[in-house]
Amino acid sequence: LIGRLMFELPEEMGLIAIAVRQTQGKGRGGNVWLSPVGCALSTLHIAIPLHSNLGQRIPFIQHLVSLAVVESVRSIPGYEDIDLRVKWPNDIYYSDLMKLGGVLVNSTLVESTFHILIGFGFNVNNSNPTICINDLITKFNKEEGTNLKPLTVDCLIARTVTVLERLIDIFQEKGPNGVLPRYYKYWVHSGKQVRLCSEEGPLAWIVGIDDYGYLQVHEEGKGVESVHPDGNSFDMLRNLIVPK
């Protein structure tokens, strides 16, 4: 639907499609997703000029969206310590333990404008099969003696899009350094040690993200190298960065 509409509208006009449930969702590498009622599911169209800070660093968009999802919750007064985090390159996590959602970005360059379709989905209300944002809020209330209210799907989609708009503006003005401190505040990888390619592969330490959104790892004796998100996957359960 959005793929048909996005070229018919003025570039300055935003366009979003929201689904209540998803039966043929797409993930990275051809994965298929089933998403029940209770998840925040949407596809957003944005236009980014090629000759702009973000237009020259398109892989960063998935990081900005992941950050926007986390900040949609953690920027609400009282909800700052809900342990929602970002995992490189495109996942939303509870701490470093469990996946709550993800982001998929497709881009089409038409003349000097990138037309970006951003699909994002995250679990707001379903306790199964893993955990959801409102479970995290309930857990926090029990542990801290607070009385934070559950959040709604509609509220979090709206807040995510609003935060993303601000993050894009900051990135266009200041480049990666304008948003990376916020991204690192919420990501799960700081100082973590990983294996490359296999469980017997070389040890490396995660350093950060480079100017193009690629993961930087420091392999012993080899210096810092960048890992491309489209060619590699981060297996949190085995603490591996593996080629797809």
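1. Let me start at a loop: P89 sits between β5 and β6. The peptide bond that joins W88 to P89 is cis, with omega at about 0 degrees. Bear in mind that this is a predicted model, so treat that cis bond as a computed feature. Most peptide bonds are trans, which is why I'd flag this one early.

2. On either side of that loop, β5 and β6 (residues 91-94) run antiparallel and are joined by four bridges. One of the contacts to look at is K87, whose bridge partner in β6 is D91.

3. Now the whole sheet. It is an open one, built from six strands in the order β1-β4-β8-β7-β6-β5, with antiparallel pairing. β1 (15-19) and β5 (84-87) are the edge strands: each has a single partner, so one side of each is left without a neighbour in the sheet. From one strand to the next, the twist averages 20 degrees.

4. Two other loops in this sheet deserve a look at their backbone angles. S95, in the loop between β6 and β7, is not a glycine but has a positive phi of about 50 degrees. E111, in the loop between β7 and β8, is also a residue other than glycine, and its phi is positive too, near 55 degrees. Most residues other than glycine have a negative phi, so these are worth checking by eye.

5. Are those two loop residues buried or exposed? S95 has a relative accessible area of 17%, under the 20% cut-off, so it is buried. E111, at 76%, is over the 50% cut-off and therefore exposed.

6. Helix α2 (residues 60-74) lies across β4 (39-49), β5, β6, β7 (98-110) and β8 (113-123), and it runs at about 175 degrees to β5. How much of α2 is buried? The count is 15 of 15 residues, so the helix is largely enclosed by the rest of the structure. The length of α2 checks out as well: at 1.5 Å a residue, its 15 residues should span 21 Å, and the end C-alpha atoms are 21 Å apart.

7. Helix α4 (residues 153-174) also packs on the sheet, lying across β1, β4 and β8. Relative to β4, α4 runs at about 25 degrees.

8. Then there is α3 (residues 133-144), where the same length check works: 12 residues should span 16 Å at 1.5 Å a residue, and the end C-alpha atoms are 16 Å apart. Which residues of α3 are buried? They are I133, N134, L136, I137, F140 and N141. These cover an arc of only 150 degrees around the axis, which puts them on the same side of the helix.

9. The cover over the buried residues of α3 includes α2, β5, β6, β7, β8 and α4. On the face turned away from the buried side, α3 carries the exposed residues K142 and E143. Right after the helix comes G145, with a positive phi near 70 degrees.

10. Last, the domain split. The assignment divides the protein chain into domain 1 (1-186) and domain 2 (192-243). Taken over C-alpha atoms, the centres of domain 1 and domain 2 are 23 Å apart.

Conventions. Residues are numbered from 1 along each chain as its sequence is written. This is a predicted model: local features need pLDDT of at least 70, side-chain atom pairs count only at pLDDT 80 or more; totals for chains, interfaces and linings use all residues. Side-chain values use heavy atoms; hydrogens and water are left out. Two strands pair if DSSP finds at least two bridges between them. Axes are lines fitted to C-alpha atoms, for helices over the stretch in contact, and angles run from 0 to 180 degrees between N-to-C directions. Contact means heavy atoms within 4.5 Å. The expected span of a helix is 1.5 Å times one less than its number of residues. Buried means under 20% relative accessible area, exposed over 50%, partly exposed in between (1.4 Å probe, protein chains only). The arc is that of the directions from the helix axis to the C-beta atoms. Domain bounds come from an automatic or database domain assignment.
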